[in-house]
Amino acid sequence: MLPTTTSKGRGAARSAPPLFGPYLRRIVKWQQMDIEYTFWQMVHLCTSPKVVYQHTKYHKQTKNQWARDDPAFVVILILFLVFATSAYCAAFGESAAHAALTITSVVFVHFLFAGLILATLCWFLTNSYLREEPNSHVVEQRVEWLYAFDVHCNSFFPAFIILYVLQYFLSPLLIAHGFFPALLSNLLFMVAISYYHYLNFLGYDVLPFLDRTTFFLYPIGLVIILSPLMILIGFNPTRYFLSLYFS
């Protein structure tokens with residue numbers, strides 16, 4: 001008999017349970033969120049990110065989906081963003097109305113809107129250009145959009161630690177004029193952006209049906225080239241981005 005795996009796989013893909021319904025419903029049900037596992041992931045994304053994506057393989061084996069079915073990571077990350085942005089607003093003495101506007105902008109524009117755009121772009125690129133050609137004996141697999149958003153959130157968290165938390169404590173030094181503040185600021189941004197793209201690469205490299213995932217490492221080369229140029233011209237990214245929100 002001729003193999004019929006591919007057609008079954010396509011049927012299974014059509015009949016797969018929707019990911020967004022249960023995911024969104026659990027946002028308002030705090031008791032159903034696995035907070036402890038979320039903090040474990042956050043710590044290991046900064047120290048041993050490959051371990052986190054090894055657990056992603058286990059999740060696929062047990063839940064039959066790559067994406068998280070628990071919104072705890074997103075909820076806690078948003079809370080961290082609110083607290084961190086509030087600290088900046090308090091430190092730079094802005095009004096309550098301005099603080100509310102800044103917090104809203106950071107959460108909904110910097111994190112959610114930018115995340116939706118980046119996740120959709122990576123989802124499109126991986127499914128359109130990076131998938132291995134399936135043969136008749138292998139079930140066709142595609143990157144879930146929600147998984148692409150998970151990868152963005154995972155990559156965003158260490159960048160948040162560097163550019164929101166660490167930068168906050170170093171801000172008295174970083175906002176000063178001179179070569180050394182510009183050097184240190186550019187190094188912080190270089191590390192944060194490079195690590196973001198490295199985690200992005202790990203997130204897609206773990207998927208066995210993708211090929212040429214080193215594509216996601218290419219932006220790191222651009223960052224390494226541009227950072228010395230920014231230092232030489234005296235550009236201070238900390239001063240620049242803080243000036244967009246605070247006088």
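In this predicted model, helices α3 and α7 are roughly perpendicular to each other, because their axes cross at roughly 75 degrees and angles of 65 to 115 degrees count as roughly perpendicular. Helix α3 covers residues 35-47, and its axis comes within 9 Å of that of α7. On the α3 side, the residues that meet α7 are M42, L45 and C46. Their partners in α7 are N154, F157, P158 and I161. By class, the contact of α3 with α7 holds 6 nonpolar residues, 1 polar residue and no charged ones.

Helix α7 (residues 145-174) also packs against helix α5 (residues 72-91), at an angle of about 25 degrees and with the axes 11 Å apart. That angle makes α5 roughly parallel to α7, because angles under 35 degrees count as such. The crossing of α5 past α7 is left-handed. From α5, the contact includes F73, V74, L77, F80 and L81, and further along A84, T85, A87, Y88 and A91. From α7, it includes F149, C153, N154, F156 and F157, together with F160, L163, Y164, Q167 and Y168. This contact has 17 nonpolar and 3 polar residues, and no charged ones.

The table sets out the two contacts of α7.

| Helix pair | Angle between axes | Distance between axes | Source of values |
|---|---|---|---|
| α3 and α7 | roughly 75 degrees | within 9 Å | computed from the model |
| α5 and α7 | about 25 degrees | 11 Å | computed from the model |

The largest pocket holds about 950 Å³ of space. It is lined by 32 residues, and those closest to its centre are H110, F156, L163, Y164 and F189. Of these, F156, L163 and Y164 also belong to the α7 side of the contact with α5. Two or more lining residues come from each of α5, α6 (96-130), α7, α8 (179-205) and α10 (237-245). Helix α6 gives the largest share, 8 residues. Sorted by class, the lining has 24 nonpolar residues, 8 polar residues and no charged residues.

One residue of α6 can be followed further. L112 is placed in that helix. Which residues does L112 contact, leaving aside its neighbours within four places in sequence? They are I78, V107 and F149. Of these, F149 is also one of the α7 residues that meet α5. In addition, L112 and V74 are 38 residues apart in sequence, while their C-alpha atoms are 9.5 Å apart in space. V74 is itself one of the α5 residues that meet α7.

Technical notes: Residues numbered from 1 in each chain as written. Predicted model: local features only at pLDDT ≥ 70, side-chain atom pairs only at ≥ 80, totals over all residues. Heavy atoms only, no water. Axes fitted to C-alpha atoms, helices over the stretch in contact; angles between N-to-C directions. Helix = DSSP H or I, 4+ residues; strand = E, 2+ residues; numbered from the N terminus. Parallel < 35°, antiparallel > 145°, perpendicular 65-115°, else oblique. Left-handed = near helix turned anticlockwise from the far one by under 90°. Contact = heavy atoms within 4.5 Å. Nonpolar A, V, L, I, M, F, W, Y, C, P; charged D, E, K, R; others polar. 1 Å grid on protein atoms, 1.4 Å probe; cavity = no way out; pocket = protein on both sides within 12 Å on 5 of 7 lines; lining within 4 Å. Points joined across faces, edges and corners; volume = space filled by probe spheres on them.
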